[in-house]
Amino acid sequence: MGDTGPARNHSGEPGGLDQAAGVFAGVRPRLFGIAYRMLSSSTEAEDLVQEVWLRWQTCDRDTVADPAAFLATVTTRLAINALQSARVRRETYIGPWLPEPVDTSADPYLGAERGEALGFAVLLLLERLTPTERAAYVLREAFDYPYRQIADIIQVSEVATRQLVSRARKHLLSGRRAPVTGAEQRRLLTAFVAAARSGDLATLEELLAADAISYSDGGGAVRASRIPVVGGLRVAKYVRAFADRFWAGVEVEWGSVNGQSAAVLSRDGQVFTVLTVNASGEGIDQVLWMMNPAKISTR
């Protein structure tokens, strides 16, 4: 047989791979948004989305009636598997583990129809859920998928899906106080940074809730507290104790990570900490010091 014309692929049309790339690009922000909320790591989410792209290239796309639904399904199922593996790795993580911060100043790629399941307080609580509970919650609360579609994606009944989402909501509601507004969170963070920098114990204690907790994620790569510091007074004394050496030569820039205000700390032009707080009407409930270079090197 002679030449039959332009090369064709799974789609049966010339340039089908270009068309596949266009379809993928259109839904990629949402795929990343799902993967990040599942894994709390932008690095792992990027790797997972790349794996989805490879599978999309090689699958028989003629059989895919709804590409967006297909790609969301692949992403979610891969994320469930990845989260199971990640939990094993986190058991041997040195010191407290915190979600990897993402710059949301312009929200360029998170694909969030809502900001749900993006803030640090919620991401930390999501770690307590099973991977399937987490998937059901993320798909419903962050992306408003119908229960029937979520059931198809995670391969359980619709009744079971509703139960998973309900159980996840109860876990999250029981695990946190009502958060303050974004403006109030920014005010508290700004005041905390000023008081921490000056070593003002009285102001630090005033800003912190009585049961506040400070988490420092150094990943064993930098010097950081390997256990959480618990209690408002203890946190205040802890922050004051290292004020002189920690803040020497530090420049502070204000940014938005995970939809909340953060202080980006640098020394000699090198970012070494992303600092933020979670707060409620009681004051600052959590102080989060992200210091692991592997988690902040891409900012």
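Start by selecting helix H8, residues 182-198: its 17 residues reach 24 Å from the first C-alpha to the last, close to the 24 Å expected at 1.5 Å a residue. Keep in mind as you click around that this is a predicted model. Now colour the buried residues of H8, which are Gln185, Leu188, Leu189, Phe192, Val193, Ala195 and Ala196. Then step off the end of the helix to Gly199, which follows H8 and has a positive phi, near 70°.

**Zoom out for a moment**

Show the whole chain as a cartoon and you should find twelve helices and six strands. The C-alpha trace spans about 85 × 45 × 35 Å along its principal axes. Of the 299 residues in the chain, 48% are buried. If you draw contacts between residues at least 6 apart in sequence, 65% of them join residues at least 24 apart.

**Next stop: Ile284**

Select Ile284, which you'll find in strand S6. Is Ile284 buried or exposed? Its relative accessibility is 0%, so Ile284 counts as buried. Two of the H8 residues you just coloured turn up here: leaving aside neighbours within four places in sequence, the contacts of Ile284 include Leu188 and Phe192. Also in contact with Ile284 are Leu207, Leu208, Ala209, Ala212, Val277, Asn278 and Ala279. For a sense of scale, measure across to Pro96: its C-alpha atom and that of Ile284 are separated by 18 Å, with the two positions 188 residues apart along the chain.

**Along the strand to Gln286**

Stay in strand S6 and pick Gln286. With a relative accessibility of 18%, Gln286 counts as buried. Which side chain does the side chain of Gln286 make a polar contact with? It's that of Asn278, at 2.7 Å. Show everything else around Gln286, again skipping neighbours within four places in sequence, and you'll see contacts with Ala121, Leu124, Ile213, Tyr215, Thr276 and Val277, among others.

**The aromatic cluster**

Now show the rings. A pair of aromatic rings is described by the distance of the centres and the angle of the planes. Counted with centres within 6.5 Å, the aromatic pairs come to ten. Pick out Phe242 and Trp289: the ring centres are 5.8 Å apart and the planes sit at 75°, so this pair is edge-to-face. Where along the chain do Phe242 and Trp289 come from? Phe242 is in the loop between helix H10 (232-241) and helix H11 (243-246), while Trp289 belongs to strand S6 (residues 283-290), so to speak a link between distant parts of the chain, 47 residues apart. Both Phe242 and Trp289 are buried.

Add Phe192, Tyr238, Phe246, Trp247 and Phe272 to the selection, and you have the cluster that ring pairs link together with Phe242 and Trp289. Before leaving, show Arg267, which lies over the face of Phe272 at 4.4 Å from the ring centre. There's another such arrangement to look up: Arg90 lies over the face of Trp97, at 3.8 Å from the ring centre.

**Helix H2, one face at a time**

Select helix H2, residues 42-58. Its 17 residues should span 24 Å at 1.5 Å a residue, and the end C-alpha atoms are 25 Å apart, which agrees. Colour the buried ones: Ser42, Ala45, Leu48, Val49, Val52, Trp53 and Trp56. Turn the view to look down the axis of H2, and these buried residues fall within an arc of 150°, so they line one face of the helix. On the other side of H2, look for Asp47 and Thr58, which are exposed. What covers the buried residues of H2? Helix H1 (16-39) and helix H3 (67-90) are included in the cover.

**Last stop: helix H5**

Finish at helix H5, residues 131-142. The twelve residues should span 16 Å at 1.5 Å a residue, in agreement with the 16 Å between the end C-alpha atoms. Ten of the twelve are buried, so H5 is largely enclosed by the rest of the structure. Among those buried residues are Pro131, Glu133, Arg134, Tyr137 and Glu141. To see the cover, switch on H1, H3, helix H4 (120-126), helix H6 (147-154) and helix H7 (158-174), which are included in it. Finally, click on Asp144, which follows H5 and has a positive phi, near 55°.

Conventions: Residues numbered from 1 in each chain as written. Predicted model: local features only at pLDDT ≥ 70, side-chain atom pairs only at ≥ 80, totals over all residues. Heavy atoms only, no water. Phe/Tyr/Trp six-rings, centres within 6.5 Å; stacked < 30°, edge-to-face > 60°. Helix = DSSP H or I, 4+ residues; strand = E, 2+ residues; numbered from the N terminus. Buried < 20%, exposed > 50% of the residue type's maximum accessible area, 1.4 Å probe, protein only. Lys NZ or Arg CZ within 6 Å of the ring centre and 35° of its normal. Expected span 1.5 Å × (residues − 1). Arc of directions from axis to C-beta. Contact = heavy atoms within 4.5 Å. Polar contact = N/O pair within 3.5 Å; in protein donor to acceptor, adjacent residues only side chain to side chain.
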